[in-house]
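Trainee: I've just opened this one and would like to talk it through with you. Could we begin with the words you'll be using?

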Amino acid sequence: MSGQLHLPNHCILLPSTSLYTFSVLNSSRENRVLGLGRSFLGLNERLLVNKRVIKRKKDCLGVKASAGGAVWDGWMPEKTSKAPPLSDIFWPSAGAFAAMAMLGKIDQILAPKGISMTIAPLGAVCAVLFATPSSPGARKYNMFMAQIGCAAIGVLAFTVLGPGWLTRSAALSAAMAFMIYTRSVHPPAASLPLLFIDGAKLHQLNYWYALFPGAAGCILLCLIQEIVCYLKENVKF
C-alpha cells in the first residue's frame, strides 16, 4: 500500500524504552572506562611521586656516603698506581743526609760566634724540596719570600711585644697572613717566628735573622735539590 512504510525483514524496531535502556548502559560503560582511566592515571602519578622520593633518598644517602668516604680518605695512604722505585726513595734520603752534613760542617766553623745553621725549619725544607719537588711549597718564589718575610715578622713581633705567648700568637698569625697575601705559602717558614722568639742565641742577629740562617740555608738546599732531581731522573734502580 502506498501509505505504509516497508522495512527489510532483518530490521527490528526497538521500542523507545529499549532505546533508553541501551543509551543508559552505554553511558555507564563509558563512565566505567573513564573511571578506570582516571584510576590508572592516579596510580601512575603516585608511582612517579614514589620514584622521585626514592631517588631523593638515594641521592641524600649517596652524598652522605661520599662525604663520609672523603673524610676517611684523608686517614688512608694516597692511592697510587704502584709503589715508588727504590731510587725515588734513596736519592731524596741521600740528599737530606748530605744537606744536614754540610750544614753541620758549617756549624763547626760558626761555633765560635755562637750561631748555628742547623735549625729545625731547614729539615722541613729538605722534605719539601727533595720529596715533593713539584709541590707549590717547593717553588723558589714561595720558599725565599716566605723565609725572609716570616723571619722578619718574628723579629718585629719580638721587638714590639717582647717574649711571651701573645708574641708567639701574633707573630704566627701575621706570618700566615703574609704568606697567603703574597701567594707564597711555604709551610716550613711558619716556624721561623717562633724559633726566633724562643731562641735566645738568635736575638743577637736582630733583623739579619731574615737572611740567616733560614734564607742562606735554603740557597744550599736548592743546589742539593738540583743534584737530587737529576739523579732521580737519570739513575734509577
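Mentor: Let us start with accessibility, where a residue is called buried under 20% relative accessible area, exposed over 50%, and partly exposed in between, using a 1.4 Å probe and protein chains only. This is a predicted model, in which local features need pLDDT of at least 70 and side-chain atom pairs count only at pLDDT 80 or more, while totals for chains, interfaces and linings use all residues. Residues are numbered from 1 along each chain as its sequence is written, and side-chain values use heavy atoms, with hydrogens and water left out.

Trainee: Okay, so how exposed or buried is phenylalanine 237?

Mentor: Phenylalanine 237 counts as partly exposed, because its relative accessibility is 45%. It sits in the segment after α7, where helices (H or I, at least four residues) and strands (E, at least two) are DSSP runs numbered from the N terminus. In space, the C-alpha of phenylalanine 237 lies 6.8 Å from that of proline 85, although the two are 152 residues apart in sequence.

Trainee: And how many aromatic pairs does the structure hold?

Mentor: There are 5 aromatic pairs, and by the rule used here rings of Phe, Tyr and Trp (its six-membered ring) pair if their centres lie within 6.5 Å, with planes under 30 degrees apart counted as stacked, over 60 as edge-to-face and the rest as tilted. One of these pairs joins phenylalanine 90 and tryptophan 91, whose ring centres are 5.0 Å apart with planes at 70°, so the pair is edge-to-face. Phenylalanine 90 is partly exposed at 42% relative accessibility, whereas tryptophan 91 is buried at 16%.

Trainee: What about the rings of tryptophan 91 and phenylalanine 237?

Mentor: Their ring centres are 6.1 Å apart and their planes meet at 70°, so this pair is edge-to-face. Tryptophan 91 belongs to helix α2 (residues 86-110) and phenylalanine 237 to the segment after α7 (214-234), so the pair ties together parts that are 146 residues apart in sequence. Taken together, Phe90, Trp91 and Phe237 form one aromatic cluster.

Trainee: Switching topic, how many disulfides does a search of the whole structure find?

Mentor: The search finds 0 disulfides. A disulfide is a covalent bond between the sulfur atoms of two cysteines, and the test here asks for a pair of cysteine sulfur atoms within 2.5 Å.

Trainee: Why is there no bond at cysteine 126?

Mentor: Because the closest cysteine sulfur, in cysteine 218, is 8.8 Å from the sulfur of cysteine 126, which is too far for a bond. Cysteine 218 has its own closest cysteine sulfur in cysteine 222, at 6.3 Å, and that is also too far. Cysteine 126 is buried at 4% relative accessibility, and cysteine 218 is buried at 0%.

Trainee: Which residues does the record give as transmembrane region?

Mentor: The UniProt annotation, from an unreviewed entry, covers residues 114-132, 144-162 and 206-231; its positions are given in the numbering used here, its feature names are shortened, and annotations may be inferred rather than shown by experiment. In the model, residues 144-162 are 95% helix and 0% strand, with their end C-alpha atoms 26 Å apart. Residues 206-231 are 69% helix and 0% strand, with end C-alpha atoms 39 Å apart.

Trainee: Which residues make the nonpolar surface patch?

Mentor: Leu156, Val160, Leu161, Trp165, Leu166 and Tyr207 make a patch of about 660 Å². Patches use residues with over 30% relative accessible area and no salt bridge, joining like charges within 9 Å and nonpolar side chains (Val, Leu, Ile, Met, Phe, Trp, Tyr) within 5 Å; a salt bridge is a side-chain nitrogen of Lys or Arg within 4 Å of a carboxyl oxygen of Asp or Glu. The areas come from the Shrake-Rupley method with a 1.4 Å probe, and for residues only the protein chains shown count as cover. Helices α4 (140-161) and α5 (165-181) each supply at least two residues, and α4 gives the largest share, 3 residues. Valine 160 lies in α4 and is exposed at 60% relative accessibility.

Trainee: Last one, which residues does the cis peptide bond join?

Mentor: It joins phenylalanine 212 and proline 213, with omega about 5°, and proline 213 lies in the loop between α6 (192-198) and α7. Asparagine 206 is found in the loop between α6 and α7, and its phi is near 55°, a positive value in a residue other than glycine.
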